[in-house]
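User: Could you take a close look at one part of this model for me? I'd like to hear about the aromatic packing inside and how it fits into the rest of the fold.

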Amino acid sequence: MSLRHLSALLLCLPLCAMAADGNALVKTNTKPKNLVIMIGDGMGPAYTSAYRYFKDNPETEEIEQTVFDRLLVGMASTYPARESGYVTDSAAAATALSTGYKSYNGAIAVDTEHKPLTTLMELARGAGLATGIAVSCQINHATPAAFLSHNDSRRNYDAIAESYLDSDAQVLLGGGQRYFPDALLARFRDKGYQTLSEFDQLDGISSGKVLGLFADVQLPWAMDEPQAHKLSKLTAKALELLSAQEQGFVLLVEGSLIDWAGHGNDIAAAMGEMNEFANAIEVVEQYVRSHGDTLMVVTADHNTGGMSIGAAGEYKWTPEVLRTLNASPETMATMALANEDWQQPLAQQLAFAPSADEYAELAKARMQGKDVLESAIKRLIDVRSNTGWTTGGHTGVDVQVFAAGPASSLFNGHQDNTDIAQKLMSLLPREAKKSVATTPDAKNEPQAEAQPLKEQVVTN
């Protein structure tokens, strides 16, 4: 669908946002002033289904809806450029979501010939909108990088971090301290950024540009800090700071560690990250309800791990095992290695007592180090919950799309991930759309104005 057709479709959109029960919430314009795109990294459909059962109250007869059930509007395909086959990585998927173009796995907002592609954030800034990101991984990881930078390879973390100096993003919140040395932080301060390294410093920030790096790489697993709600708080602070921009803003929020849990086949950490991402969605949903000029679009970049709700030929899944865990498998393994009398503390963290055979397997794994012990703990939890996995990588299944606010109906039904970007771009102020290709095959053809990258970068 071309941007010209999308613009025409906007004329037919309703003039008010509707609640789930059909009651009008607030009067809105047909086009939003603010855009919030939220990406659950690796969050395939099995994750949202598992989360529903994980959050279910077993004392009630019904299975309660989650925010994902409430906001579901469509599906999206995620395949990368033809040269990378049918299964995307995060970089190619984020490039599709940020530029409206397919590219190769590993690409950061460049086309298949390594030429830069105009991003949603660049168009927004050109129209005078503020921009920002809030993520639970390092801020220069693949997904945020594809919205703020251009590089031949997602692995060029240092170059991507330095390139953020030119992004002019007002808000940069997440992890990644190791990629921003003191000299680079000084350059950000010279450009007017307040640089933060401690999470509680956020409370003292009420305006201006902010670079907040709150972990060496990724934020801690949400289940290890159940009361912290760090992604939710980063999201709320980003909304607060960006709201000061009268012309509007574009915000990217990523539940990054859903993917990391999927790669590790860690159902416990996955449900913890899903819970925190759901909390962050509800923060934005409340903002949308009170600001009739804000559109929220939520999706995943791909599916990770091939998780199955049920395994080994048994027709059951027992999430109650997951609800009572007191630490992530990573933390359990670390503590078990540090304590010679490890069996009882581990049972307390698991909230169930392993059998003699299970303890024997754990003891054998413990002798082989942290990674092997952590994997053994995850397998134990998988067996008790009857969770299955098909891979430690990505799969090619379609992902879900969720939306609320003005123009949210644009995202109904099936679409490609490039269509999501094109639709978001069509909602930017008129000045921003002058450089956007409007041909129906825009998702497959490079932009005419793309030029070779100025700096030499190393490819995968």
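Analyst:

**A look around Phe 68**

Phe 68 has a relative accessible area of 3%, so this residue counts as buried. Keep in mind that we're looking at a predicted model.

Phe 68 pairs with Phe 402, edge-to-face, with 5.5 Å centre to centre and 65° between the planes. An angle over 60 degrees is what puts a pair in the edge-to-face class. Phe 68 belongs to helix H3 and Phe 402 to strand E15 (residues 399–404), so this pair ties together parts that are 334 residues apart in sequence. Phe 402 is buried too, just like Phe 68.

Now for the wider set of rings. The structure has 10 aromatic pairs in total. Another one joins Tyr 51 and Phe 68: the ring centres are 5.8 Å apart and the planes stand at 90°, so this is an edge-to-face pair as well. Here the partners come from helix H2 (residues 45–55), which holds Tyr 51, and helix H3 (residues 67–71), which holds Phe 68, so the tie spans 17 residues in sequence. Tyr 51 comes in at 4% relative accessibility, so Tyr 51 is buried. Put the ring pairs together and you get a cluster of Tyr 51, Phe 54, Phe 68, Phe 277 and Phe 402.

How does that sit in the nonpolar interior? The largest nonpolar core has 126 residues, and Phe 68 is among the members that touch the most others, along with Met 38, Leu 172 and Phe 180. Helix H11 (residues 267–290) supplies the largest share of this core, with 13 residues.

Met 38 leads back to the ring cluster. Leaving aside residues up to four places away in sequence, Met 38 touches Phe 277, plus Ala 280, Ile 281 and Val 284. The list for Met 38 also includes Val 253, Met 296, Val 297, Val 298 and Thr 299. Phe 277 is one of the rings in the cluster with Phe 68.

Zooming out, the protein has 17 helices and 16 strands. Of its 460 residues, 57% count as buried. Among contacts with a separation of 6 or more, 74% are between residues 24 or more positions apart.

Rings also meet charges in this model. The charged end of Lys 102 sits over the ring of Tyr 79, 3.7 Å from its centre. Lys 230 lies over the face of Phe 199, at 5.3 Å from the ring centre.

Definitions and conventions. Residues are numbered from 1 along each chain as its sequence is written. This is a predicted model: local features need pLDDT of at least 70, side-chain atom pairs count only at pLDDT 80 or more; totals for chains, interfaces and linings use all residues. Side-chain values use heavy atoms; hydrogens and water are left out. A nonpolar core is a set of buried Ala, Val, Leu, Ile, Met, Phe, Trp, Tyr and Cys residues joined through side-chain atoms within 4.5 Å. Buried means under 20% relative accessible area, exposed over 50%, partly exposed in between (1.4 Å probe, protein chains only). Helices (H or I, at least four residues) and strands (E, at least two) are DSSP runs, numbered from the N terminus. Contact means heavy atoms within 4.5 Å. Rings of Phe, Tyr and Trp (its six-membered ring) pair if their centres lie within 6.5 Å; planes under 30 degrees apart count as stacked, over 60 as edge-to-face and the rest as tilted. A charge sits over a ring if NZ of Lys or CZ of Arg is within 6 Å of the ring centre and within 35 degrees of the ring normal.
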